[in-house]
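Work through the exercises below with the coordinates open. Try each task before reading its solution.

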Amino acid sequence: MDEQKPKTLVSAEENADVSRAVRQWLNAYPDKPLSKLDFEWLGEKSGLCISTIQAAYKTKQFIDGSYQAQYQFKLIYRVPAKNADERMSADEVLDAYGAWAEANVDSLTIADDIRVRKVKRDTAAALFARYEGDIEDHQILLTLIYEVI
C-alpha cells in the first residue's frame with residue numbers, strides 16, 4: 001500500500017499574506033464582471049470571491065531552509081441564470097479570468113522573500129451549486145506555486 005506523507009502547512013501568517021496578495025492581484029483583472037472580488041463571501045443574489053481550498057502547504061523542502069509551496073484556491077461567481085446562455089456566459093467569464101491569472105503571474109507580488117513561480121488552472125469553469133430564484137454558483141479551481149527563499 002502506498003502511504004502518503006502528511007502535508008506540512010505553512011504558517012498561518014504566511015497563508016494569510018498569500019491570500020491577501022492573491023485577492024489584491026485578482027482585483028486588478030480589468031474585465032471583472034463585478035466591481036470587486038471578495039474573500040470567501042458572496043452576496044445573496046450575485047457576487048465574486050476567492051476561496052481557499054486548503055491552507056498553503058510545502059511541496060519541497062531544501063537543505064538551506066528554503067521551500068516550495070502550493071496554495072490552492074477557487075474563484076466563485078454567483079449569478080442569476082435563467083437559461084443555458086447565461087450559464088455558459090458565467091463559465092466563460094471565469095475561464096477568461098483563469099487565463100488572465102496564468103498569463104499575468106509576473107504581476108503577482110507577495111513578499112520580498114517569496115518568489116511566485118506559476119499560477120495554473122486545475123479545472124475549466126463549471127456550475128457547482130444552484131439555489132432558489134435561479135441563482136447559481138460557478139467556480140474555477142487554480143493553484144499558485146511559490147518559493148520562500
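## Exercise 1: Two residues around S3

Ser 51 touches Glu 40, Phe 73, Lys 74 and Ile 76, leaving out residues up to four places away in sequence. Keep in mind that this is a predicted model.

**Task.** Classify Ser 51 and Ile 53 as buried, partly exposed or exposed.

**Solution.**
1. Locate Ser 51. It lies in strand S3, residues 47–52.
2. Apply the cut-off. Buried means under 20% relative accessible area. Ser 51 has 12%, so it is buried.
3. Locate Ile 53. It sits in the loop between S3 and strand S4 (57–61).
4. Apply the cut-offs again. Partly exposed lies between 20% and 50%. Ile 53 has a relative accessibility of 41%, so it counts as partly exposed.
5. List the contacts of Ile 53. Beyond four places in sequence, they are Gln 72, Phe 73, Lys 74 and Leu 141.
6. Check one distance. The C-alpha atoms of Ile 53 and Arg 20 are 15 Å apart, with their positions 33 residues apart along the chain.

## Exercise 2: Helix H1

**Task.** Compare the span of H1 with the expected value, then find what covers its buried residues.

**Solution.**
1. Take the span. H1 covers residues 12–26, 15 residues in total. From first C-alpha to last it reaches 21 Å.
2. Compare. At 1.5 Å a residue, 21 Å is expected, and the model is close to that.
3. Pick out the buried residues. They are Glu 14, Asn 15, Val 18, Ser 19, Ala 21, Val 22, Trp 25 and Leu 26.
4. Recall helix geometry. An α-helix has 3.6 residues a turn, so residues three or four places apart point the same way.
5. Name the cover. It includes strands S2 (38–39), S3, S5 (67–80), S6 (114–121) and S8 (135–148), along with helix H2 (84–103).

## Exercise 3: The partners of S8

**Task.** Which strands are joined to S8 by bridges, and in which sense?

**Solution.**
1. Start with S5. It runs antiparallel to S8, with 14 bridges. Lys 74 has Leu 141 as its bridge partner in S8.
2. Go to S6. Seven bridges join S6 to S8, again antiparallel. Lys 118 stands opposite Ile 145.
3. Add S7, residues 126–131. It pairs with S8 over five bridges, in the antiparallel sense. Ala 129 stands opposite Asp 137.
4. Inspect the hairpin of S7 and S8. Three residues lie between the strands, and Gly 133 has a positive phi near 80°.
5. Check burial. In S8, 13 of 14 residues are buried.

## Exercise 4: A buried charge

**Task.** What is the nearest side chain of opposite charge to Asp 91, and how far away is it?

**Solution.**
1. Place Asp 91. It is in helix H2.
2. Find the nearest opposite charge. Arg 87 is 8.4 Å away.
3. Apply the cut-off. A salt bridge needs a nitrogen–oxygen distance within 4 Å. Asp 91 is buried and has no salt bridge.
4. List its contacts beyond four places in sequence. They are Ala 125, Ala 126, Leu 127 and His 138.

## Exercise 5: The core

**Task.** Which members of the largest nonpolar core touch the most other members?

**Solution.**
1. Of its 36 residues, they are Val 22, Leu 26, Tyr 71, Leu 75, Leu 144 and Tyr 146.
2. Name the largest supplier. S5 gives the most, with seven residues.
3. Follow Leu 75. Its contacts beyond four places in sequence include Leu 26, Ile 50, Leu 94 and Leu 142.

Key. Residues are numbered from 1 along each chain as its sequence is written. This is a predicted model: local features need pLDDT of at least 70, side-chain atom pairs count only at pLDDT 80 or more; totals for chains, interfaces and linings use all residues. Side-chain values use heavy atoms; hydrogens and water are left out. Helices (H or I, at least four residues) and strands (E, at least two) are DSSP runs, numbered from the N terminus. Buried means under 20% relative accessible area, exposed over 50%, partly exposed in between (1.4 Å probe, protein chains only). Contact means heavy atoms within 4.5 Å. The expected span of a helix is 1.5 Å times one less than its number of residues. Two strands pair if DSSP finds at least two bridges between them. Lys and Arg count as positive and Asp and Glu as negative; His and the chain ends are not counted. A nonpolar core is a set of buried Ala, Val, Leu, Ile, Met, Phe, Trp, Tyr and Cys residues joined through side-chain atoms within 4.5 Å.
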